[in-house]
Amino acid sequence: MILITGGAGFIGSNLTNFFISKGSDVTVFDNLSSGRMENLNASIGRKNFKFIKGDIRDSETVDSAMKGVEEVYHLAADPSVKDSATNPGVSFSINVSGTFSVLEAARKNDVKKVVFTSTSTVYGEAEVLPTPENYPLIPISNYAASKVADEAYISSYASTYGIKGVVLRLANIFGSPSTHGVMFDFYKKLKTNPKKLEILGNGKQCKSYLYISDCVDALFLASRKQKNIFDFFNVGSGQMENVNYIANTMCSFLKVKPKFEYTGGTRGWKGDVVKMLLDTKKIEKLGWRKKVSLKDGIRKYVEWLEATQ
Ligand SMILES: NC(=O)c1ccc[n+]([C@@H]2O[C@H](COP(=O)([O-])OP(=O)(O)OC[C@H]3O[C@@H](n4cnc5c(N)ncnc54)[C@H](O)[C@@H]3O)[C@@H](O)[C@H]2O)c1
């Protein structure tokens with residue numbers, strides 16, 4: 001049995017629908033703070049699917065959800081860098097205390113493996129690009145700091161209690177049914193006013209974006225193939241593009257020609273890492289390969305946005 005925390009969210013629902021379609025038994029644990037049941041339409045009603053509404057900080061509920069579970073994919077988190085600056089206590093409570101309660105429940109219930117979605121932002125403003133996994137972790141946001149703490153606990157629980165830990169440090173993931181991130185922001189703004197597009201910062205922030213199906217493949221493959229009791233892998237596209245490129249590509253698919261207006265400064269927001277490219281050789285050695293190009297991914301995402309928003 002697989003437990004997916006945050007399974008009603010963007011990445012979690014794609015992962016859940018993937019496992020359910022393969023016939024695996026999956027329980028989703030989510031408080032629906034940002035996740036939505038409709039993301040799970042492909043799984044709801046299937047015999048191998050179960051949903052528990054609960055908060056990962058509520059240790060009793062997490063503990064009872066963990067009965068009979070062999071493998072946990074722990075995705076529930078507050079994923080906003082911006083919010084972690086304005087509300088540091090909230091991101092600490094959900095991301096650090098919440099992860100601790102998930103690990104404790106895993107320990108008490110003899111769970112064999114915890115797969116964790118960490119982030120490229122753990123490296124902070126890395127001077128080496130593409131950044132390899134052994135680069136020092138120097139976070140510049142509270143969100144990234146919370147994920148570093150989580151990685152440290154997962155490593156410790158692996159070594160102390162023998163719970164296998166697999167950490168995936170994800171680049172920017174995009175695709176349906178995401179309703180956050182730069183592409184969604186641009187889409188909403190362009191639908192409100194196709195003549196003008198406000199871009200946070202100077203548009204030169206340059207990052208790596210990976211399409212959701214490639215991310216799901218990476219989570220599955222790393223979980224199945226990696227042999228060590230604890231290990232960590234970058235997951236990214238091997239390609240970095242600036243925000244202006246994302247804006248131009250979206251505009252061309254939406255057939256609009258807005259005037260770009262920049263809010264100024266080099267960062268989009270506090271804690272924004274302006275250059276990010278991950279070295280992905282380590283996960284490629286396990287057999288993972290990116291399958292969807294950035295342009296094709298944006299096209300698919302825009303098609304979904306047009307059909308649903
Ligand atoms: N999307 C990205 O580009 C990206 C990049 C790096 C890492 N990640 C990580 O991947 C994971 C999933 O991200 P996402 O983009 O799908 O975000 P998301 O917000 O769509 O999903 C998070 C899910 O967790 C649930 N949740 C939040 N707090 C909870 C709590 N206290 N108890 C139970 N459930 C709770 C939400 O309802 C939601 O369904 C997160 O851990 C995030 O930090 C995402």
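# Ligand shell and parallel sheet

Trainee: How many residues of each class are in the shell around the ligand?
Mentor: By class, the shell around the ligand has 12 nonpolar, 11 polar and 4 charged residues, where Ala, Val, Leu, Ile, Met, Phe, Trp, Tyr, Cys and Pro count as nonpolar, Asp, Glu, Lys and Arg as charged, and the others, Gly among them, as polar. Keep in mind that this is a predicted model, in which local features need pLDDT of at least 70 and side-chain atom pairs count only at pLDDT 80 or more, while totals for chains, interfaces and linings use all residues. Residues are numbered from 1 along each chain as its sequence is written.

Trainee: And which ones are closest to the ligand?
Mentor: Of the 27 residues that surround the ligand, the closest are Gly 6, Gly 9, Phe 10, Gly 35 and Ala 77, a residue being near if its C-beta atom, placed from the backbone, lies within 6 Å of the molecule.

Trainee: Which element gives the largest share of that shell?
Mentor: That is α1, with 3 residues; α1 (10-22), α4 (88-108), β5 (113-119) and β7 (172-174) each supply at least two. Helices (H or I, at least four residues) and strands (E, at least two) are DSSP runs, numbered from the N terminus.

Trainee: Switching to the sheet, what is the strand order?
Mentor: An open sheet of 7 strands runs β3-β2-β1-β4-β5-β6-β11 with parallel pairing, where two strands pair if DSSP finds at least two bridges between them. β3 (49-53) and β11 (230-235) stand at the edges with a single partner strand each, so one side of each is left without a neighbour in the sheet. From one strand to the next, the twist averages 20°.

Trainee: Which strand does β11 pair with, and over how many bridges?
Mentor: Its partner is β6 (residues 164-170), in the parallel sense over 6 bridges, and Leu 168 has Phe 233 of β11 as its bridge partner.

Trainee: Back to the β1 end, where does Ala 8 lie, and is it buried or exposed?
Mentor: Ala 8 lies in the loop between β1 and α1, and it is buried, with 26 other C-beta atoms within 10 Å; buried takes 20 or more such atoms within 10 Å, exposed 12 or fewer, and partly exposed is in between, with C-beta atoms placed from the backbone.

Trainee: How far is its C-alpha atom from that of Lys 53?
Mentor: The two C-alpha atoms are separated by 9.9 Å, although Ala 8 and Lys 53 are 45 residues apart along the chain.

How values were computed. Axes fitted to C-alpha atoms, helices over the stretch in contact; angles between N-to-C directions.
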